[in-house]
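Me: I've got a model open and a handful of labels I'd like to understand. Can we go through what earns each of them?

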Amino acid sequence: MASGFGDKLVIAISSRALFNLDDSHRVYTERGLEAYAQYQIEHEEEPLEPGDAFPMVKKLLSLNDSEQGDPRVEIILLSRNSADTGLRVFNSIEHYGLAITRAAFCGGQSPYRYASAFGCHLFLSTEASDVRDALDHGIAAATLVAPKTRNYNDNELRFAFDGDAVLFSDEAEQIFKRQGLTAFTQSEKAAAKTPLPGGPFKPFLDALHKLQVEFGDAENCPIRTALVTARSAPAHERVILTLRAWKIRIDESLFLGGLPKGAFLKAYGADVFFDDQEAHIESASEHVASGHVPHGVANSPEFKPKAKKN
């Protein structure tokens, strides 16, 4: 992974995740690219409304206001717009006082390939195909789903993660999906002392952990992390020992034994929750912004829900 930002946490955001582009996107789908470009140019002095990732981005950038040394976070804008139509996006960034200075405008093409060139730890987008491409190239990525209700917490930044196929590989999930709960439990008990391989979000969690360490003890850290997993005892031990082996701190761990996750994420106050299963995303997005991670066996054609016949 290329990087010119040292130890900074580097996050890429698509323009439609950062700002609400619903009106202009409707022009594009109903009237075509030329009308869309003209619409953006005609409205380029009108600031866009904040999008689903906007509150999280503001909190991330506020970490750079600390008096404890150099800026710690870099936000990169990755957009399918051209630079011409993207001028409205940059004007909106300036309007809201966001310290975002780097961008890639890709003229209708997927911008995912620049996430690696910028050395990004995470890519958030509303385009599922761009997210899948990023994941296929080893970058933590998620399709952002808006919350149905917004619950603004304090200035603390709270990330929540599913375990299997997100922080960890999906090797255990494969056993559960194909052989059932009994086989999964037996396998996890037998392998309890063997750390799980990392999943697509392990590097992002590691980067977050290093940033937390810079802020010192957990009480004074403005970033908080939580593991929110469908696992329960006795399948908990392998997860705990895996994080210990990685030397990564998780502030809160919820072992829910298959319970719906939404109410727990609301209680935790997550700014964003990452999960590989769409059913969990649906539950979570009742209360918090959620990122679907289309990775692992749950997203394979074998287990994807089939479309209903009319």
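**Strands, rings and a helix**

Reply: Let's start in the sheet: Ile13 stands opposite Leu124 in E6. Bear in mind that this is a predicted model.

Me: What makes E1 and E6 a pair of strands?

Reply: Two strands pair if there are at least two bridges between them. Strand E1 (residues 9-14) and E6 have 3 bridges, in the parallel sense, so they pass the cut-off of at least two.

Me: Which order do the strands of the open sheet follow?

Reply: The order is E5-E4-E1-E6-E7-E12-E11-E8-E9-E10, an open sheet of 10 strands with mixed pairing. From one strand to the next, the twist averages 25°.

Me: Why are E5 and E10 called edge strands?

Reply: Strand E5 (102-105) and strand E10 (252-255) each pair on one side only.

Me: On to the rings. Why is the pair of Phe168 and Trp246 called tilted?

Reply: A search of the whole structure finds 14 aromatic pairs. In the pair of Phe168 and Trp246, the ring centres are 5.5 Å apart and the planes stand at 50°. Centres within 6.5 Å count as a pair, and planes neither under 30 degrees nor over 60 apart count as tilted, so this pair is tilted.

Me: Where in the chain do those two sit?

Reply: Phe168 is in the loop between strand E8 (157-161) and helix H8 (171-179), while Trp246 is in helix H11 (residues 236-246), 78 residues apart. Both Phe168 and Trp246 are buried.

Me: And what makes Phe204 and Phe274 edge-to-face?

Reply: Their planes are at 85°, with 6.4 Å centre to centre. Edge-to-face asks for over 60 degrees, and pairing for centres within 6.5 Å, so the label fits. Phe204 lies in helix H10 (residues 202-214) and Phe274 in strand E11 (residues 272-275), so the pair ties together parts that are 70 residues apart in sequence. Phe159, Phe161 and Phe201 join Phe204 and Phe274 in one aromatic cluster.

Me: How do you know that Arg72 lies over the face of Phe215?

Reply: Arg72 is at 4.3 Å from the ring centre. The distance limit is 6 Å, and CZ must also be within 35 degrees of the ring normal; Arg72 is listed as lying over the face of Phe215.

Me: Last one: which residues of H7 are buried, and why are they said to share a side?

Reply: In helix H7 (residues 128-136), they are Asp130, Val131, Ala134 and Leu135. They cover an arc of only 135° around the axis, which puts them on the same side of H7. What covers them includes strand E6 (122-125), strand E7 (141-145) and strand E12 (290-292).

Conventions. Residues numbered from 1 in each chain as written. Predicted model: local features only at pLDDT ≥ 70, side-chain atom pairs only at ≥ 80, totals over all residues. Heavy atoms only, no water. Buried < 20%, exposed > 50% of the residue type's maximum accessible area, 1.4 Å probe, protein only. Helix = DSSP H or I, 4+ residues; strand = E, 2+ residues; numbered from the N terminus. Arc of directions from axis to C-beta. Contact = heavy atoms within 4.5 Å. Phe/Tyr/Trp six-rings, centres within 6.5 Å; stacked < 30°, edge-to-face > 60°. Axes fitted to C-alpha atoms, helices over the stretch in contact; angles between N-to-C directions.
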